[in-house]
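Biologist: I would like to go through this model with you step by step, asking about single residues as well as whole chains. Could you reason each answer out for me?

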Amino acid sequence: MPEQTPGQTVGPFFGYALPFDGGPEVRAPWQPDAVRLHGVVLDGAGSPVPDAMIEVWGADGDGRPSTERGSLARDPNGFTGFGRSATSADGHYAFSTVKPGVGRSGVGRSGVGRSGSAPYVVLAVFARGLLHHLLTRAYFGDEPDANATDPLLRRLDPDRRGTLVATVDGPRSYRLDLRLQGPGETVFLDYGTAQ
Amino acid sequence: MTDLTQETISAEIADRHQREQGSGAVHPRRDFPPYRSTVLRHPTHELVRADPEEIELVSPAFGHTDVAAHESDLTIQHAGEPLGERIIVTGRVLDGDGRPVGGQLIEVWQANAGGRYAHKRDQHPAPLDPNFTGVGRCITGEDGSYRLTTIKPGPYPWRNHRNAWRPAHIHFSFFGTAFTQRLVTQMYFPGDPLFGLDPIYQSITDPAARARLVATYDHEVSEPEWALGYRWDVVLTGPGATWTEPEDPDHA
């Protein structure tokens, strides 16, 4: 069996390589179903992380993963589900995307239907000083009923559950701060891949 | 940090390696203080086990609309030839069962031959090369293969401790068949004398795992009168043994 290739930090110099024009606009912001998902990335001292990169990956409005190509050269009417946002000098990231539907997102790997699953998008966090990226989920604060029955959320310590739930902070706008360490540390996820 | 010596860093690395011997860890330890920038940037809680759902078991799709063929040659992006040792880096991207990861995006970035990035935050007083940006992309073939033409990057100093130098490396970004296989890493060159001194490379505590980041010189890949060839294969394994969310909410 071939063995997993180890990761290494993205380092400080990815700026010419990874961010791309339109990267944060997974769904064109003028589209009626577009929502904003944004926040700041904070370190263990509570300071913003100005050299992080966040990736988002989410299903479409019907809950289906997109198989559309073209994330790097976007079709303004399309939706590939994938986006990238480098953080700004004040540690801020922002995406325009859609809130995934729940149509099929409740199908687990076990193949067992899990209609209790709430809509979420997957976030990957990369930064200098972060030797291997982190994965987490952003759920939506205006889905309290779905969130209450979500198989992951309901397993979490109630004190930490909120770190995965983006709060409504305006019309069609959600905010989720990502704390790498310390008080309010974001719940990061292990999907059973090599550690 | 400038009074922090290599001796101190090396002792910290050796101590950590000894404590983690046989741990089976593949990836770097995120909490790895010899790389000082990790101190405030690693989570202190254990990761929480999650059952991947459909979105996490598939990956974004990329294609030739995203990447032009010439982007795999980092030496032809400017009017002139970049300075340095022209090299070819080729290999295959495979999943944990040895199946090719075809049609997927690879992104690379690197310093120039003098060890300088075309990046405003790189303060190393080595020359920029107007003919080298050090950025490339390609889409893997159906057999998982990729092939890049570039310049061998130089080692460069950084400010982790006094007289800290990174071994020469190329940064790589990969997508697998599932988003949970996402990988960002660095490829190194065989025989680099800086390996033992570098807290980023040594953050992978298992020597066999570390060695998987080092390309092999391959004379079959070298092209006469043109470029030296290196081979580097990459493996992106999927989620491990089947695991099911517990029925009862137990606080993780």
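Biologist: Leaving out residues up to four places away in sequence, which residues does B:Arg210 touch?

Modeller: This is a predicted model, and every value I give is computed from it. B:Arg210 is found in helix α2 of chain B, which covers residues 207–211. Once residues up to four places away in sequence are not counted, the residues that B:Arg210 touches are B:His17, B:Tyr201, B:Gln202, B:Ile204 and B:Thr205.

Biologist: Does B:Arg210 count as buried or exposed, and what is its relative accessibility?

Modeller: A residue is called buried when its relative accessible area is under 20%. B:Arg210 falls under that cut-off and therefore counts as buried, with a relative accessibility of 12%.

Biologist: How far apart are the C-alpha atoms of B:Arg210 and B:Leu40?

Modeller: Along the chain, B:Arg210 and B:Leu40 are 170 residues apart. In space, the separation between their C-alpha atoms is 24 Å.

Biologist: Where is B:Arg231 found, and which residues is it in contact with beyond its neighbours within four places in sequence?

Modeller: B:Arg231 is found in strand β11 of chain B, made of residues 228–231. Its relative accessibility is 34%, and because partly exposed covers the range between 20% and 50%, B:Arg231 counts as partly exposed. With its neighbours within four places in sequence left aside, B:Arg231 is in contact with B:Thr90, B:Gly91, B:Ala215, B:Thr216, B:Asp218 and B:Val221.

Biologist: What is the phi of A:Arg172, and where in chain A is this residue placed?

Modeller: Most residues other than glycine have a negative phi. A:Arg172 is not a glycine, yet its phi is positive, near 55°. With a relative accessible area of 48%, A:Arg172 is partly exposed, and its place is in the loop between β7 (165–170) and β8 (173–175) of chain A.

Biologist: Is B:Asn163 buried or exposed, and what is its relative accessible area?

Modeller: B:Asn163 has its place in the loop between β6 (156–158) and β7 (164–166) of chain B, and it has a positive phi of about 60° although it is not a glycine. The word exposed is used for a relative accessible area over 50%. B:Asn163 passes that cut-off and is therefore exposed, at 56%.

Biologist: Turning to the nonpolar residues, which members of the largest nonpolar core touch the most other members?

Modeller: In soluble globular proteins, nonpolar side chains tend to be buried together. The largest nonpolar core here has 42 residues, and those that touch the most other members are A:Tyr139, A:Leu152, B:Trp109 and B:Phe179.

Biologist: Which element gives the most residues to this core?

Modeller: At least two residues of this core come from each of β2 (52–57), β5 (120–127) and β6 (134–140) of chain A, and likewise from each of β3 (105–110) and β4 (135–139) of chain B. The element that gives the most, with four residues, is β5(A).

Biologist: How many residues are in the other core, which lies apart from it?

Modeller: That other core includes B:Val89, B:Phe195, B:Val214 and B:Trp232. Its total number of residues is 40.

Biologist: What radius of gyration does chain A have, and why does that agree with a compact globule?

Modeller: Chain A has two helices and 10 strands, and 60% of its 195 residues count as buried. Its C-alpha trace spans about 45 × 40 × 40 Å along the principal axes. Because a compact globule with 195 residues would have a radius of gyration near 16 Å, chain A agrees with this, at 16 Å.

Biologist: And what radius of gyration does chain B have?

Modeller: Chain B comes to two helices and 12 strands, and buried residues make up 57% of its 252 residues. Along its principal axes, the C-alpha trace of chain B spans about 65 × 50 × 35 Å. For 252 residues a compact globule would have a radius of gyration near 18 Å, and chain B agrees with that, its own value being 20 Å.

Biologist: How far apart are the mean positions of the positive and negative charges of chain B?

Modeller: Chain B carries 23 positive and 35 negative charges, and each group is represented by its mean position. The two mean positions are separated by 7 Å.

Terms used:
Residues are numbered from 1 along each chain as its sequence is written. Chains are lettered from A and ligands numbered from 1 in the order in which they are written. This is a predicted model: local features need pLDDT of at least 70, side-chain atom pairs count only at pLDDT 80 or more; totals for chains, interfaces and linings use all residues. Side-chain values use heavy atoms; hydrogens and water are left out. A nonpolar core is a set of buried Ala, Val, Leu, Ile, Met, Phe, Trp, Tyr and Cys residues joined through side-chain atoms within 4.5 Å. Buried means under 20% relative accessible area, exposed over 50%, partly exposed in between (1.4 Å probe, protein chains only). The radius of gyration is taken over C-alpha atoms; the globule rule is 2.2 Å times the number of residues to the power 0.38. Contact means heavy atoms within 4.5 Å. Lys and Arg count as positive and Asp and Glu as negative; His and the chain ends are not counted. The place of a charge is taken as NZ of Lys, CZ of Arg, CG of Asp or CD of Glu.
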